[in-house]
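Visitor: I should like to go through the terms used for this structure and see how each is justified. Could we begin with the word "buried"?

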Amino acid sequence: MQRLTRRAVFCLTLLSAVRAGATGIAVQVQDATGKVLPDTVIYVEPEGGAPAPKTPAGTQIEQKGLKFMPLVSVVQVGATITFPNNDKVRHHIYSFSPAHKFDQKLYSGQAATPQVFDKAGTVVLGCNIHDKMIAYVKVVDTPYFAKTDGAGAARIELPAAGKYVVKAWHYNTLGGATLEQTLTVKAGAELSTAVFKLPMKPVVVDDASL
Ligand SMILES: [Cu+2]
């Protein structure tokens, strides 16, 4: 009984989260064993490759506590990212990724040059001084994207009904796979839903923490 009640509450929560008249998708992402996957990038392209509006919004990737925050960012092609260093030490950040190579030598505070991400792809950031610092930027050629939350869920509003290709990317999938599904999205009423199960690499135990 309690189980049923909990399920009912969960469904009601989901329903109340869907605005009346919204057109879009609701996605749930899990690994192969059913564990929810936060920090998965979900992006949506109209089927047939109709050109998407270019409205790249900038963002920032902060450095704090010898970490990049957030770990995963998603931006549209053409977006500018700034790199405020809020640590007391200097960082030297770089990327060797073909989608955007750069090298920002040692700096403090706001001194890093903002970077424009003008090619779709995956960009991995590191720091020359602190080997454990890592961050991922997924650059997508669409304004319709989101990142899954702590419950592995994401919602994306879309401009119109139609067929869309929904893609899911996580930095830790086996072979870097991006999975996709085609969804027919209806206008208003309720969000179209998709569930992704991503094949993940085994978790690596960090020797230094033993
Ligand atoms: Cu550093």
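Guide: A residue is called buried when its relative accessible area is under 20%, exposed when over 50%, and partly exposed in between. Please bear in mind that this is a predicted model.

Visitor: Why is Cys127 called buried?

Guide: The relative accessible area of Cys127 is 1%. The cut-off for buried is under 20%, so Cys127 counts as buried. His91 has a value of 0% and is therefore buried by that criterion.

Visitor: What makes His91, Cys127 and His130 donors of the copper ion?

Guide: A donor must be an N, O or S atom within 2.8 Å of the metal. The ND1 atom of His91, the SG atom of Cys127 and the ND1 atom of His130 lie 2.0 to 2.1 Å from the copper ion, and therefore they meet that limit. Their spacing in sequence is H-x35-C-x2-H. His91 belongs to strand 8 and Cys127 to strand 11, with their positions 36 residues apart in the chain, so this pair links distant parts.

Visitor: How do you know that Lys54 and Asp141 form a salt bridge?

Guide: The term requires a side-chain nitrogen of Lys or Arg within 4 Å of a carboxyl oxygen of Asp or Glu. For Lys54 and Asp141 the N to O distance is 3.1 Å, so the pair qualifies. Lys54 lies in the loop between strand 2 and strand 3, and Asp141 in the loop between strand 12 and strand 13, so the pair ties together parts 87 residues apart in sequence.

Visitor: Which of the words buried, partly exposed and exposed applies to Lys54, and which to Asp141?

Guide: Lys54 has 56% relative accessibility, and because exposed means over 50%, Lys54 is exposed. Asp141, at 40%, falls between the two cut-offs and is therefore partly exposed.

Visitor: What makes the contact of Asp39 with Lys147 a salt bridge?

Guide: The closest N and O atoms of Asp39 and Lys147 are 3.6 Å apart, which is within 4 Å, so the term applies. Asp39 sits in the loop between strand 1 and strand 2, whereas Lys147 is in strand 13, 108 residues apart. Asp39 is partly exposed at 22%, and Lys147 is partly exposed at 30%.

Visitor: Why is Lys167 called buried?

Guide: Its relative accessible area is 16%, and the cut-off is under 20%, so Lys167 is buried. Lys167 also forms a salt bridge with Glu180, at 3.9 Å between the closest N and O atoms. Salt bridges with shared partners join Glu45, Lys167 and Glu180 into one network.

Notes:
Residues are numbered from 1 along each chain as its sequence is written. This is a predicted model: local features need pLDDT of at least 70, side-chain atom pairs count only at pLDDT 80 or more; totals for chains, interfaces and linings use all residues. Side-chain values use heavy atoms; hydrogens and water are left out. Helices (H or I, at least four residues) and strands (E, at least two) are DSSP runs, numbered from the N terminus. Buried means under 20% relative accessible area, exposed over 50%, partly exposed in between (1.4 Å probe, protein chains only). Donors are N, O and S atoms within 2.8 Å of the metal (3.2 Å for Na, K and Ca); water is not among the atoms, so sites may look incomplete.
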